[in-house]
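User: I should like to learn how to read the features of a structural model. May we work through one together?

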Amino acid sequence: MLGITEASPSQIPRPRRPVTRRVVIIGGGFTGAALARRLALSGAELEITVFEPRARLGAGLAYDTQDPALRLNVAAARMRALPDDPQAFARFLQETGRLACDPEAVAGEAIYARRADFGDFMQAQMAPLLAYGAVEHRREAVISVSREHGGYAVAGDRGSRLHADILVIATSHPAPRCPEPVASALSGTPRLMTDPFDTRQLARIAATDPVIVLGAGLTALDLVASLRARGHQGLITLLSRSNALPQPHATAHSASPSACEVLGQPLTARRLLTRVRAAVAAAEAQGLAWQSVFDSLRQQGQAIWSALPHAERQRFLRHLRRRFETHRYRMPPQIAAQLQEDKTAGRLQRLGGRIVDARGDAKGLSLTVSTRGGEERRLKAQWLLVATGPDHADVIARHGYLQDLAAQGLIRRDSHGLGLACDGASRAICAHGAPVDTLFVAGPLARGTFGELTGVPEIAAQVDAIAHTLLGNAIRQIEAQAFALS
Ligand SMILES: Cc1cc2nc3c(=O)[nH]c(=O)nc-3n(C[C@H](O)[C@H](O)[C@H](O)COP(=O)(O)OP(=O)(O)OC[C@H]3O[C@@H](n4cnc5c(N)ncnc54)[C@H](O)[C@@H]3O)c2cc1C
């Protein structure tokens, strides 16, 4: 049955034949699915194919989970996944009865739903489009891409070979990398778990086993929540370089309309910091929470980033990034409550430092940590969980098809090491520095250009802009090319 938040069959333009232009989207997480949906609903004569090995479209790394302990870190009303219907997800939770089954989602006036629910919401958006053939889902990973007749030959790992007129890269998050010396010292040790997104493996951990989690960001806190929800009572040590945890959300809703004016467009990282501090002081003087300044900062993030000179962006990344992220990416109230409970019970400890030695055998693990204070500490545990988050630093090396595109000079890393270089219209920048009209970078891999491009609302807005460009310039260019060849 179609809910009112889903595209209804009458809204879905059926593709007319013959179709001459095909858009291939590589990666069907939130970004790839949102773009496919947007293009399908535009009514343009396009064949839209999404290559995605997962069973469903729209979930991707973040939302393809059944673990009920994993929650969105943004309130449902602020997810704004569909720019044409920003409250669609909040309505979906009500209309499908999910909220009634999950009373713990409600925290004050806000709803922090399960991540699985958001995956289901996106799946529901895509289902009618798939059923009516407006979008095709190929359950394959793309293994190679080459230039062909002005477009691209795309090959999947289960034998597909498809011509694309337009190609979109949306394989955003590579798996986390296990840092050295842990990787070489403990590789193959069953007590080392390197994929924090597969929480099913936590079933191997006994209720009282001491656990070390490498990382202290939202991914690490997700593991704490999953372990506790499974009845784990043992000591958890959060070990990270900075020893800084994500901050909690404000308890009450607060807005700071003046914050935007205070922030303006600072041209250095230092000035940005000074203005944020001043905005926080001004907000607090008005009785508002500091979080409201970061919400304003989020809205202006792309404008501030694009105005910052290259060297100042680098300075920001070097000196302010971690601090910014702990305030920008905040923990859901449910996790904040869990951490407080664990702290009171003495079941959670934090340590800032770097692992210098790691050993493991059948009985357990032993780590030597050089702490931030300069001393050496020995930690013992039964399990080590790597939760350092997706590693975007060398994304081209992580995908064969990106290596192909790089070898053909069609893509390159962005100069900040955040993903792939693209212009303000999300077109990939080739080795010679020019944008490629038919090749787009969608989602977090385009952060080097846009800055703030991790959360659902920002990605949804970028996807909208890509669709606009794609349906205008890129298609016109292909038509002109076809005309010239005829
Ligand atoms: C754990 C986590 C929690 C988050 N929580 C929130 C939140 O609460 N609120 C919020 O606003 N934002 C949140 N975010 C951020 C945001 O929603 C994500 O950045 C966003 O989902 C990115 O989606 P994506 O499709 O670009 O990337 P991904 O989710 O990484 O999807 C990429 C897809 O590409 C596929 N793929 C990989 N290689 C290939 C290949 N060779 N061929 C074909 N397909 C391939 C993968 O299977 C994957 O499904 C969260 C992010 C993470 C990681």
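User: By class, how many nonpolar, polar and charged residues does the shell around the ligand have?

Analyst: Please note at the outset that this is a predicted model. By class, the shell holds 18 nonpolar, 11 polar and four charged residues. In total, 33 residues surround the ligand, and the closest are Thr31, Glu52, Tyr63, Val142 and Ser172.

User: Which elements give two or more residues to the shell around the ligand, and which gives the largest share?

Analyst: Helix H1 (30-40), helix H2 (60-63) and helix H16 (456-485) each give two or more residues to the shell. The largest share, four residues, comes from H2.

User: Which residues place polar atoms beside an oxygen atom of the ligand?

Analyst: A polar contact is a pair of N or O atoms within 3.5 Å. In this model, a side-chain N or O atom of Thr31 is 2.5 Å from a ligand oxygen atom. His173 also uses its side chain, with a polar atom 2.9 Å from an oxygen atom of the ligand. Val456, by contrast, takes part through its backbone, where an N or O atom lies 2.9 Å from a ligand oxygen atom. As for burial, the ligand taken alone exposes 1000 Å², and the protein buries 91% of that.

User: Let us turn to helix packing. How should the crossing of helix H9 and helix H11 be described?

Analyst: One compares the crossing angle with fixed ranges: 65 to 115 degrees counts as roughly perpendicular, under 35 as roughly parallel, over 145 as roughly antiparallel, and the rest as oblique. The axes of helix H9 (residues 269-285) and helix H11 (residues 310-328) cross at roughly 40° and come within 9 Å. H9 and H11 are therefore oblique to each other. From H9, the contact draws on Ala269, Leu272, Leu273 and Arg277, while H11 supplies Glu312, Arg315, Phe316, Leu320 and Arg323. Sorted by class, this contact of H9 with H11 has five nonpolar, no polar and four charged residues.

User: At what angle do the axes of helix H3 and helix H5 cross?

Analyst: The axes of helix H3 (residues 88-95) and helix H5 (residues 115-131) cross at roughly 100° and come within 10 Å. H3 and H5 are therefore roughly perpendicular to each other. In H3, Ala88, Phe89, Phe92 and Leu93 meet Asp117, Phe118, Asp120, Phe121 and Ala124 of H5. By class, the contact of H3 with H5 comprises seven nonpolar, no polar and two charged residues.

User: Which residues make the contact between H7 and H12?

Analyst: The geometry may be read before the residues. Helix H7 (residues 218-229) and helix H12 (residues 333-345) pack at an angle of about 70°, with their axes 10 Å apart. H7 and H12 are therefore roughly perpendicular to each other. H7 contributes Leu221, Asp222, Val224, Ala225 and Arg228, and H12 contributes Ile335, Gln338, Leu339 and Asp342. By class, this contact of H7 with H12 has five nonpolar, one polar and three charged residues.

User: Finally, let us consider the backbone. Is the peptide bond from Glu180 to Pro181 cis or trans?

Analyst: The omega angle is the value to inspect. The bond from Glu180 to Pro181 is cis, with omega near 5°. Pro181 lies in the loop between strand S9 (166-169) and helix H6 (182-186).

User: Where is Arg80 found, and what is its phi?

Analyst: Arg80 is in the loop between H2 and H3. Although Arg80 is not a glycine, it has a positive phi of about 40°.

Notes
Residues numbered from 1 in each chain as written. Predicted model: local features only at pLDDT ≥ 70, side-chain atom pairs only at ≥ 80, totals over all residues. Heavy atoms only, no water. Axes fitted to C-alpha atoms, helices over the stretch in contact; angles between N-to-C directions. Contact = heavy atoms within 4.5 Å. Nonpolar A, V, L, I, M, F, W, Y, C, P; charged D, E, K, R; others polar. Near = heavy atom within 4 Å. Polar contact = N/O pair within 3.5 Å; in protein donor to acceptor, adjacent residues only side chain to side chain. Areas by Shrake-Rupley, 256 points an atom, 1.4 Å probe, with all protein chains shown as cover.
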